[in-house]
Amino acid sequence: MARPTSLPRRLLQSWRTHFAARRPGPEAGPRLPATLSLHDLPLAVLDTETTGLNPVRDRIVSIGGLHWRGDQAEGALLDLLLHPGRKIPASATAIHRIDDAMVATAPSFALVGGTVLRFWHHRVLLGHNIGFDLALLREEAARAQLGFMPPPAVLDIGLIYAGLYPRSRDCGIEAIAAQFGIEIEGRHSATGDAETAAKLWCALRPHLIGHGIGTLGGAQAVMRRARDLIHGQQRAGWAMDLVLPHD
């Protein structure tokens, strides 16, 4: 029997994509209890880099993530380059420094999407502006014909900060990091921004608890206070229905 590598590259890629697209997505799981303590939430921290800012038209070129609990990583790590199926605009490369040559031999989302979509299984998905990442991931999953399972719960650093401190004018990751004296390493890399989000969560958690908010449900209620920010993200097409689902 011939080894798969003996097949023409185009045929081999088509074969892989065909079967990856039909691989079952993760099974739907229950939502996590709102009573979970903030002290030891099982977190899946995630960030993406993309070809642009349109959640429907643009594509993912990099995904970074880590599993986190308490004040430390738990070991599981995502650090992926993806071929977006289109050229990466120079304006995007100027931000994240990923160009066409770097992703020339990278897999498509169809090949690795199952791993990505299982990354938050039984965990709270955490990130900064995570509604944007979720919108892109949902579009990529649909494009690849992969089953998309919403996270069992979501926390967003920017919304939590805006909910706690409504007078703050800047809820960007750099402004929040500066507020807490956290140095950002690897800004605009998916893994670097995911690690920064985890550190910001560790900084924000005592402030939530200091305001009498000690549970997952309480933190989600704080996010809902940031109405102006939520409405802006909804208008931009972000997946706020996944970040703040209706009961």
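Helix α4 is followed by Q145, whose phi is positive, near 60 degrees. That makes a handy way into this predicted model, so let's start with the two ends of that helix and work outwards.

**Either side of α4**

Q145 is not a glycine, yet has that positive phi of about 60 degrees. The residue sits in the loop between α4 and β5, and with a relative accessibility of 54% Q145 counts as exposed, because the cut-off for that class is over 50%. On the other side of the helix there is N129, in the loop between β4 and α4. N129 is another non-glycine residue with a positive phi near 60 degrees. Its relative accessible area is 25%, so N129 is classed as partly exposed.

Here are the accessibility values for these two loop residues, plus a strand residue we'll get to further down:

| Residue | Where | Relative accessibility | Class |
|---|---|---|---|
| N129 | loop between β4 and α4 | 25% | partly exposed |
| Q145 | loop between α4 and β5 | 54% | exposed |
| A76 | strand β3 (residues 72-81) | 30% | partly exposed |

**The helix itself**

How far apart are the end C-alpha atoms of α4? They are 20 Å apart, and this agrees with the 20 Å that the 14 residues of the helix (130-143) should span at 1.5 Å a residue.

α4 is mostly covered, with 10 of its 14 residues buried. The buried set opens with the run I130, G131, F132, D133, L134, A135, L136 and L137, and then takes in E140 and A141. So who does the covering? The elements over these buried residues include the strands β1 (43-50), β2 (60-69), β4 (124-127) and β5 (153-156), along with the helices α3 (109-118) and α10 (240-243).

**A pair of helices: α5 and α9**

Two packed helices are described by the angle between their axes and the distance between the axes. For α5 (residues 157-164) and α9 (residues 227-235), the axes come within 9 Å and cross at roughly 150 degrees. Angles over 145 degrees count as roughly antiparallel, and α5 and α9 are therefore roughly antiparallel to each other. On the α5 side, G158, L159 and A162 make the contact, while α9 puts in L229, I230 and Q233. Sorted by class, that contact has 4 nonpolar residues, 2 polar ones and no charged ones.

**A spot in β3**

Back to A76, which belongs to strand β3. If you skip the neighbours within four places in sequence, A76 touches G65, L66, H67 and F119. Take G65 from that list: A76 and G65 are 11 residues apart in sequence, and their C-alpha atoms lie 8.2 Å apart in space.

**The whole chain, and how far to trust it**

Zooming out, the protein has 10 helices and 5 strands. Of its 247 residues, 48% count as buried. Looking at contacts with a separation of 6 or more, 71% are between residues 24 or more positions apart.

As for confidence, the average pLDDT is 89, and 88% of the residues score at least 70. Residues 1-28 are another story: over that stretch the pLDDT is below 50. Beyond near neighbours in sequence, residues 1-28 have 23 contacts in the model.

Note on methods: Residues are numbered from 1 along each chain as its sequence is written. This is a predicted model: local features need pLDDT of at least 70, side-chain atom pairs count only at pLDDT 80 or more; totals for chains, interfaces and linings use all residues. Side-chain values use heavy atoms; hydrogens and water are left out. Axes are lines fitted to C-alpha atoms, for helices over the stretch in contact, and angles run from 0 to 180 degrees between N-to-C directions. Helices (H or I, at least four residues) and strands (E, at least two) are DSSP runs, numbered from the N terminus. Angles under 35 degrees count as roughly parallel, over 145 as roughly antiparallel, 65 to 115 as roughly perpendicular and the rest as oblique. Contact means heavy atoms within 4.5 Å. Ala, Val, Leu, Ile, Met, Phe, Trp, Tyr, Cys and Pro count as nonpolar, Asp, Glu, Lys and Arg as charged, and the others, Gly among them, as polar. pLDDT is the predictor's confidence in each residue, from 0 to 100. The expected span of a helix is 1.5 Å times one less than its number of residues. Buried means under 20% relative accessible area, exposed over 50%, partly exposed in between (1.4 Å probe, protein chains only).
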